[in-house]
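Student: Got a minute to go through this one with me? I'd like to start with the histidines.
Tutor: Sure, let's pull it up.

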Amino acid sequence: MNQSSIHGGCLCGTVTFEVNPPFQKMAHCHCSRCRKATGTGHATNLTVEPSQFRWLSGEDAIARYDLPTAKRFGKWFCSHCGCPVPRLTRDGKIMTIPAGSLDTAPLITPSDHIFWASRVPWGCASGGLPTHAEYPESW
């Protein structure tokens, strides 16, 4: 089944966007960086090609933090409400979309738990999804 464009945005509504499926993947990441960036036990993100993504409003309100010690990790957020928003990897090849920023559910579900070896003891169970100590080799 095809899905038309999906909209999303930040908590205050300043930043809005649209993304055109299909998504490359959706996964739960348990690394310490994602936990710190979200304040939760894991981050759930989707990825697409940058050409599938478009800002609708508020792009000028986005603040960006690139972790200096990381090759790809960064966090983009609305400078008004602090809500995480989609981010382009530093190499410009992948748009990472926080799943919670979408207004409607995509026609994809998480396929894996990554950085499972880093998860916190109080975090969620695997739910039967494959777990990987770090990135799977196929990524």
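Tutor: Keep in mind that this is a predicted model. The His113 side chain makes a polar contact with the side chain of His30, at 2.8 Å.

Student: OK, and where is His113 found?
Tutor: His113 is in strand 11, which covers residues 112-114.

Student: Is His113 buried or exposed?
Tutor: Buried, with a relative accessible area of 1%.

Student: What else does His113 touch?
Tutor: Leaving out residues up to four places away in sequence, His113 touches His28, His30, Cys124, Ala125, Ser126, Leu129, Pro130, Thr131 and His132.

Student: Cys124 is in that list of contacts. How many disulfides are there?
Tutor: The count is 0. For Cys124, the closest cysteine sulfur is in Cys29, and at 12 Å that is too far for a bond. Cys124 itself is partly exposed, at 32% relative accessibility.

Student: And what about Cys81, which cysteine sulfur is closest there?
Tutor: That would be the one in Cys12, 3.8 Å away. A disulfide needs the two sulfurs within 2.5 Å, so 3.8 Å is too far for a bond. Cys81 counts as partly exposed, with 29% relative accessibility.

Student: Right, switching to charges. How many salt bridges are there in the whole structure?
Tutor: A search turns up 3. One of them joins Arg54 and Glu18, with the closest N and O atoms 2.7 Å apart.

Student: Which parts of the chain does that pair tie together?
Tutor: Arg54 lies in strand 5 (residues 53-57) and Glu18 lies in strand 2 (residues 16-19), so the salt bridge ties together parts that are 36 residues apart in sequence.

Student: Are those two buried or exposed?
Tutor: It's a mix. Glu18 counts as buried at 13% relative accessibility, while Arg54 counts as partly exposed at 45%.

Student: What does Asp66 form a salt bridge with?
Tutor: Arg64, for one, where the closest N and O atoms are 3.0 Å apart. Arg90 also forms a salt bridge with Asp66, and there the closest N and O atoms are 3.7 Å apart.

Student: Where do Arg90 and Asp66 sit along the chain?
Tutor: In distant parts of it, 24 residues apart. Arg90 is in the loop between strand 9 (87-88) and strand 10 (95-98), and Asp66 is in strand 6 (residues 62-66).

Student: So what do the shared partners add up to?
Tutor: One network, made of Arg64, Asp66 and Arg90.

Student: How accessible are the members of that network?
Tutor: Asp66 is partly exposed, with a relative accessible area of 28%. Arg64 is partly exposed too, at 37%, and Arg90 counts as partly exposed at 36%.

Student: You mentioned strand 6. What is the order of the sheet it belongs to?
Tutor: The order is 6-7-8, in an open sheet of 3 strands with antiparallel pairing.

Student: Which ones are the edge strands?
Tutor: Strand 6 and strand 8 (84-85), each of which pairs on one side only.

Student: And how many bridges are there between strand 7 and strand 8?
Tutor: The two pair over 2 bridges in the antiparallel sense, with strand 7 covering residues 74-78.

Student: Last one: which residue does Phe77 stand opposite?
Tutor: Pro84, in strand 8.

Terms used. Residues are numbered from 1 along each chain as its sequence is written. This is a predicted model: local features need pLDDT of at least 70, side-chain atom pairs count only at pLDDT 80 or more; totals for chains, interfaces and linings use all residues. Side-chain values use heavy atoms; hydrogens and water are left out. A salt bridge is a side-chain nitrogen of Lys or Arg within 4 Å of a carboxyl oxygen of Asp or Glu. Helices (H or I, at least four residues) and strands (E, at least two) are DSSP runs, numbered from the N terminus. Buried means under 20% relative accessible area, exposed over 50%, partly exposed in between (1.4 Å probe, protein chains only). A polar contact is a pair of N or O atoms within 3.5 Å; within protein, one must be able to donate a hydrogen and the other to accept it, and residues adjacent in sequence count only if both atoms are side-chain atoms. Contact means heavy atoms within 4.5 Å. Two strands pair if DSSP finds at least two bridges between them.
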